6 protein chains.
Amino acid sequence: MTSLTNYKYAHFIVTSPGPYVAHVEINRASKLNAFHRNMWLEFGDIFDKLSHDPEVRAVVLSGAGDKAFTAGLDVKAAAEEGVIAGGGASEDVARKATALKRYIFEFQECITRMEKCEKPVICVLHGVSIGLAIDIATCADIRIAAQNAHMAVKEVDVGLAADIGSLARLPKVVGNSSWIKDVCFTARPFSPEEALAVGFVSRVLPDKKSAVEAALQLAGKIAGKSPVAVQGTKELLNHARDHSVDENLRYTAIWNAAMVQSEDVKKALMAGLTRKTPTFEKL
Amino acid sequence: MTSLTNYKYAHFIVTSPGPYVAHVEINRASKLNAFHRNMWLEFGDIFDKLSHDPEVRAVVLSGAGDKAFTAGLDVKAAAEEGVIAGGGASEDVARKATALKRYIFEFQECITRMEKCEKPVICVLHGVSIGLAIDIATCADIRIAAQNAHMAVKEVDVGLAADIGSLARLPKVVGNSSWIKDVCFTARPFSPEEALAVGFVSRVLPDKKSAVEAALQLAGKIAGKSPVAVQGTKELLNHARDHSVDENLRYTAIWNAAMVQSEDVKKALMAGLTRKTPTFEKL
Amino acid sequence: MTSLTNYKYAHFIVTSPGPYVAHVEINRASKLNAFHRNMWLEFGDIFDKLSHDPEVRAVVLSGAGDKAFTAGLDVKAAAEEGVIAGGGASEDVARKATALKRYIFEFQECITRMEKCEKPVICVLHGVSIGLAIDIATCADIRIAAQNAHMAVKEVDVGLAADIGSLARLPKVVGNSSWIKDVCFTARPFSPEEALAVGFVSRVLPDKKSAVEAALQLAGKIAGKSPVAVQGTKELLNHARDHSVDENLRYTAIWNAAMVQSEDVKKALMAGLTRKTPTFEKL
Amino acid sequence: MTSLTNYKYAHFIVTSPGPYVAHVEINRASKLNAFHRNMWLEFGDIFDKLSHDPEVRAVVLSGAGDKAFTAGLDVKAAAEEGVIAGGGASEDVARKATALKRYIFEFQECITRMEKCEKPVICVLHGVSIGLAIDIATCADIRIAAQNAHMAVKEVDVGLAADIGSLARLPKVVGNSSWIKDVCFTARPFSPEEALAVGFVSRVLPDKKSAVEAALQLAGKIAGKSPVAVQGTKELLNHARDHSVDENLRYTAIWNAAMVQSEDVKKALMAGLTRKTPTFEKL
Amino acid sequence: MTSLTNYKYAHFIVTSPGPYVAHVEINRASKLNAFHRNMWLEFGDIFDKLSHDPEVRAVVLSGAGDKAFTAGLDVKAAAEEGVIAGGGASEDVARKATALKRYIFEFQECITRMEKCEKPVICVLHGVSIGLAIDIATCADIRIAAQNAHMAVKEVDVGLAADIGSLARLPKVVGNSSWIKDVCFTARPFSPEEALAVGFVSRVLPDKKSAVEAALQLAGKIAGKSPVAVQGTKELLNHARDHSVDENLRYTAIWNAAMVQSEDVKKALMAGLTRKTPTFEKL
Amino acid sequence: MTSLTNYKYAHFIVTSPGPYVAHVEINRASKLNAFHRNMWLEFGDIFDKLSHDPEVRAVVLSGAGDKAFTAGLDVKAAAEEGVIAGGGASEDVARKATALKRYIFEFQECITRMEKCEKPVICVLHGVSIGLAIDIATCADIRIAAQNAHMAVKEVDVGLAADIGSLARLPKVVGNSSWIKDVCFTARPFSPEEALAVGFVSRVLPDKKSAVEAALQLAGKIAGKSPVAVQGTKELLNHARDHSVDENLRYTAIWNAAMVQSEDVKKALMAGLTRKTPTFEKL
């Protein structure tokens, strides 16, 4: 397991279990990997780095320990940070609203950096996976669940509408509006099988270990492909999610006008003809 | 079954089978609950009222009688109202088109009020559920089917493209474009199992009675949650359906900048810690 | 099998196996129906003609021969056309990019004409169905697979992001983002069953013959309906895919303000009452 | 001055100073035509009626009396209605926000009905024209100022961002962003000449009387044209404001596919050839 | 005056009055350059060719003769083509609407090709410039008027809303909504000075001759710049017109990621340092 | 001149010439205030800080020295950074394009932070104001020019389309498309008078000194208003620029549902009644 030595964080472990693959683990197992502010600042920073790191072509995200991917926001820490009360500095509703708006924007932006990471991210849901766990998972490209994953869009049970991305992204990720509203209004848990049936995850493995292994294998497979092709595919699929077909076609053509000039096309074609494994320059 | 005494309508029964739950029944069973103009005007009015009624936090919609949710537009009545012929006042194509445009806008708007109702709406499809039944169902947040539901996007069989919402909303509700076009081009019926498999409904119950009971139970569960959280969740999910992820995140933050200042957050957190059922102020 | 005599093409067979039904076959079986530039120019031309042909109300697309729907781009031909190298005329990156942009636009536009064809198109995936096969299939309204269909979004394996429509349209066609990214990043094949489960196809038949028959039957059924109703339904569903619900409702009303003035409405209603098969004027 | 007898309102006078022309006057001169809630409810109702009234083809809006078009919101009345305080029913920030949201939506919607009125509306700004006066004026199609018009986007001076439409519409109405922000941030008054130079109004007349006369003459001229053509022009220009050019072209074609079938086209062409004044059927 | 020998058209003259400059003249002076269907088909074809012609970097459009830029649609010809009556093939309103829709789409698309032409187009308005003249002018990048230009959005006077682009594009071209609606509702003529004041044209010259000369000079100046830079600027400004600032920035970055790799950047920089005139490769 | 002590930067001076007003000066006069990478990183950082600084309610931006606002990008420095050559790390076109894309994104984002700064920004254009000067100026809310301002969208003269915002924002800032394309295609300078006439600036002062004074006075006036009202106005006007009217109205209502609960409304109303200057809490 090589390198990635620049990734020293208090609450995350970042390793490289294979060529061009990074594994990010949320590392606060004693608290079910619950997040406080410093954690999401670190989280954003990690995915910014991975995004431009030429040693990385695919990323796997999971939680440290056996119990949880993440139990979501560490409510106690949030209370101490004074955020839930609106920053505390003022009693004026508009000023509290402004403080909260800035706080939510910062929080959203940190999590969104995983979505904007240029490299594909595979998220493994295992154990407790509620609240923020779902916000994070919807930012990933591919979702895999372990059999013991306990998933719920939990925010309604703490008196608020989920605001770090679950409601913004679930309708883009799952084509079953009736199910989405059911789980979001009730905060009820849903099983890996249910998640698979509706398309929230695309695979279920027996336990965390096998799920992480499957994710790493998939990441390895992706890391063997042309990074120009893979990263273009991520960009264009994310663009497609938010635009009309006509807009997508135009954007795609502009994108590929530069990208198909890459040596990767020739290398990949040649590799196909010679049935050898191609080697691509770093990106 | 309490109150909701303000809801006196010729063609709908509105009752309250449990705390903060409203049950709306289409009440023209002798005509398979088929709609004429007065009915959709009433329909719009009911959901406008429910939207702001502090006694209501979740709504169930079903049809009176055993035979039908609704058989759709009462074509005979529509013919008598002269609408299909373009209002009759003029023979000029442009003037007929104008009359028809106004008529369709009014009809659409009445049905859309269920979608815009701030409280979640659960729709129970049972018996004959064709044409307008599907337009209405796609406006609901959650769809449940009884085993006897006979569903079809029937409009092609009367020579027109469905214009009260089925075509506008089905692609947002179901992530299976091939299936949608199949049922919309052919007007063929589809079974509850098929509807469940593609995600048009999220649950199938053995008969109308059990389906309505399941819907009321689900409504009851939702009604027990913070109304600030639930109604925000509905608003933000509907916004997400029609906007990009970036737009959604920004709108969500602005929304929650006010909403997380609610007492409901503290009450819900406290209730979570003390494992008691919270009580929320009306909304 | 009548007429359609105006459709003489070097690489496509166009026949009429039943009233108002056209069958388009990609006819280069010796090369697994792989495409070169002349073929997509013909392809675009055919669907332009079908779009306005009053003898046609529904179209089926399949590949000639037993081996392939299509193996996608004929890479050798493309290399000879000099396109992959950027047109060859200049060594300047910007000028190559401009040549490639124009080339991709032309290619996209030819394939898109099938989507913009006013008549419904049913695509039968059978045998080798990779790369461009998926671009084409996502332009169809309804997708049916034969059991032997070997499908893959293959472009990553030739070093590029798919640019003729797969990435632009898959998120509109299938409501399972995790699956889409899995198959697009890895270029792995997926089975007809998998395609059915995620909603990429809406039906699987035992072999090519039965799949084409099923498609023709479905086309025949659609061709028996009012063409005003069916073609309006296609237009409005495609519009719905790319717009918000409010936009869709307004566009729908404007569309139908003209269309429900059609004689087809009266004919269809009368046919419903008299239980006779209606006959509609050509469109 | 004929008819329009159905327009009996407490705070508005509606007359018909010429064929197919309606003149709406805000009639609360003793309070500088300042608005309270009943007034905007009436305002919305009037423009709904005018929209479908076949006797009306163009509308002029002005204020009664010599002093003001309107001084905007009647703050004292708003305070008594309890709105500024958030409806009063609850002390909870989220519940107050909900009450305010509903109140603002209702207020906005009433004013917006003038914009959505199918007939062109010409607004005459004269005397005091501040706050809500600008919200209303931006809903009009054409703006004319009298020399004595005292205009200002005044809301910042009462501690809030204008929320009834000025900020939503000014950037669509005037192509001078630097000027818009200057007058909106400072709440400073601007002169008719300044308004003309930046394009907020398209004409300045010496006094109220001449401005109203000019507006009525313009309305008369418009009322003499084909109502199919004029009302289509309004619809399509408003659509163009909010959509891309490609969207506009498509919408325009769909709209005109019905509308150019009108007799008005033949009548107008014939009138052009014979140099006679055409007479068009009511709409 | 060199080459451009491939441009042989019945109703247009295409010359090259200077290096990389094309001059297109509408050549039906005997009929005030009024358009019939063959003319707009030719018009679209010409701009398609110019778009990819490496000998052309800037285009000027004017009318042949002294009397008119163009008097718009040749109504008599249109009547003979049967279009205004809806194609004639059917009496059914829906079928006529379909024929008209196809006709308008084709007409719009031909004119739009000037907008989509990759090279800048400067339009000289002179003499009679009404109806279609304005549709065409709004497709140009830069508009110059001769003092004798007689301009009007004339369509309302023939009983229809302008449908070939004036209403779709005027709000994008001129930031003065009140003026736009005035001239579109009344069909009144407006003077070159008025056009200059509101920004419809950016320059007025004393007569046709001087206006065409000024346009050719401007075209010559543009043609001396890097074609990569100029054509990118056109593309990005047209994109900006129809998208949000955030969308524009992203699209711009993707575009320039290829384009700034051009040799033109180095040549232009070097030319700036050495104060010599750069020479750029064809595009 | 008080405080703002936290703003220590190598290339910018940040002072507070009056209550709640910040003055930012680009401080590299020896090089005509031309930018290199460290400068735009500092620039972004400054506006991030100002955005949340409770001591600041309005900002003025100008250049240090008498010669230039800014001469734009320091091309020599950019060449040394290796950016124009695509980062240098790879010869592959796709990899260069990726490096350039990241570079442009970072550059754009730093400049955009001025636009996203919650406080109004007034930009004073004086002396040399070309290239990046215009990109920056279009991010400001209000533009003022000194008589000696020499302005040009200069990028075409260095062989590229402007990519830091001029092309993205000019069509939103100025409603005169013909003029925009003229100055962007030719890179010609335009005078302050011309800028005023088309609305690029809203005021011209005789020299830099008077222009900065006018800007500071205007900033002072804005700083005296309720910061809740002013900052809401900026947010809502920027939202309006990029959205439809209907979207704007909804967003406005959600925004104000929190903001009109502010004490500022009461203070401002009371101040209006008592004709005293209100004092608002910091924001």
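## A tour of two interfaces

Start inside chain A: between domain 1 of chain A and domain 2 of chain A there are 2 salt bridges. Keep in mind as you click around that this is a predicted model.

**Stop 1: the two domains of chain A.** To see who is who, colour residues 12-224 of chain A as domain 1 and 227-274 as domain 2, following the domain assignment. If you drop a marker on each C-alpha centre, the two markers sit 27 Å apart. Now select the residues in contact: you should pick up 11 from domain 1 of chain A and 7 from domain 2 of chain A.

**Stop 2: the domain seam.** Show Arg241(A) and Glu115(A) as sticks. Their side chains form a salt bridge, with an N to O distance of 3.1 Å. Colour the domain 1 side of this contact by class and you get 5 nonpolar and 6 charged residues, with no polar ones. Polar contacts across the seam come to 5 residue pairs, both partners at pLDDT 80 or more. How much area is buried between domain 1 of chain A and domain 2 of chain A? About 770 Å², with carbon and sulfur atoms giving 50% of it.

**Stop 3: out to chain B.** Bring chain B into view and select the contact between the chains: 42 residues come from chain A and 46 from chain B. Within chain A, highlight Ser178(A), Lys181(A) and Phe185(A); these supply 19% of the area that chain A buries against chain B, more than any other three residues. Taken together, chain A and chain B bury about 3600 Å² between them, and 67% of that is on carbon and sulfur atoms.

**Stop 4: charges across the chains.** Chain A and chain B share 3 salt bridges. For one of them, select Asp157(A) and Lys225(B): the side chains meet at 2.7 Å, N to O. Widen the search to polar contacts and 16 residue pairs turn up across this interface, again with both residues at pLDDT 80 or more.

**Stop 5: the helices behind it.** Switch chain A to cartoon and pick out α3 (93-116), α5 (166-173), α6 (177-186) and α9 (227-242). Each of these supplies at least two residues to the side of chain A that touches chain B. Which element gives the most to that side? Select α3(A): 11 residues come from there. To finish, colour the whole chain A side by class, which gives 20 nonpolar, 9 polar and 13 charged residues.

Notes:
Residues are numbered from 1 along each chain as its sequence is written. Chains are lettered from A and ligands numbered from 1 in the order in which they are written. This is a predicted model: local features need pLDDT of at least 70, side-chain atom pairs count only at pLDDT 80 or more; totals for chains, interfaces and linings use all residues. Side-chain values use heavy atoms; hydrogens and water are left out. Contact means heavy atoms within 4.5 Å. Buried area is the accessible area (1.4 Å probe) that two parts lose on being put together, summed over both. A salt bridge is a side-chain nitrogen of Lys or Arg within 4 Å of a carboxyl oxygen of Asp or Glu. A polar contact is a pair of N or O atoms within 3.5 Å; within protein, one must be able to donate a hydrogen and the other to accept it, and residues adjacent in sequence count only if both atoms are side-chain atoms. Helices (H or I, at least four residues) and strands (E, at least two) are DSSP runs, numbered from the N terminus. Ala, Val, Leu, Ile, Met, Phe, Trp, Tyr, Cys and Pro count as nonpolar, Asp, Glu, Lys and Arg as charged, and the others, Gly among them, as polar. Domain bounds come from an automatic or database domain assignment.
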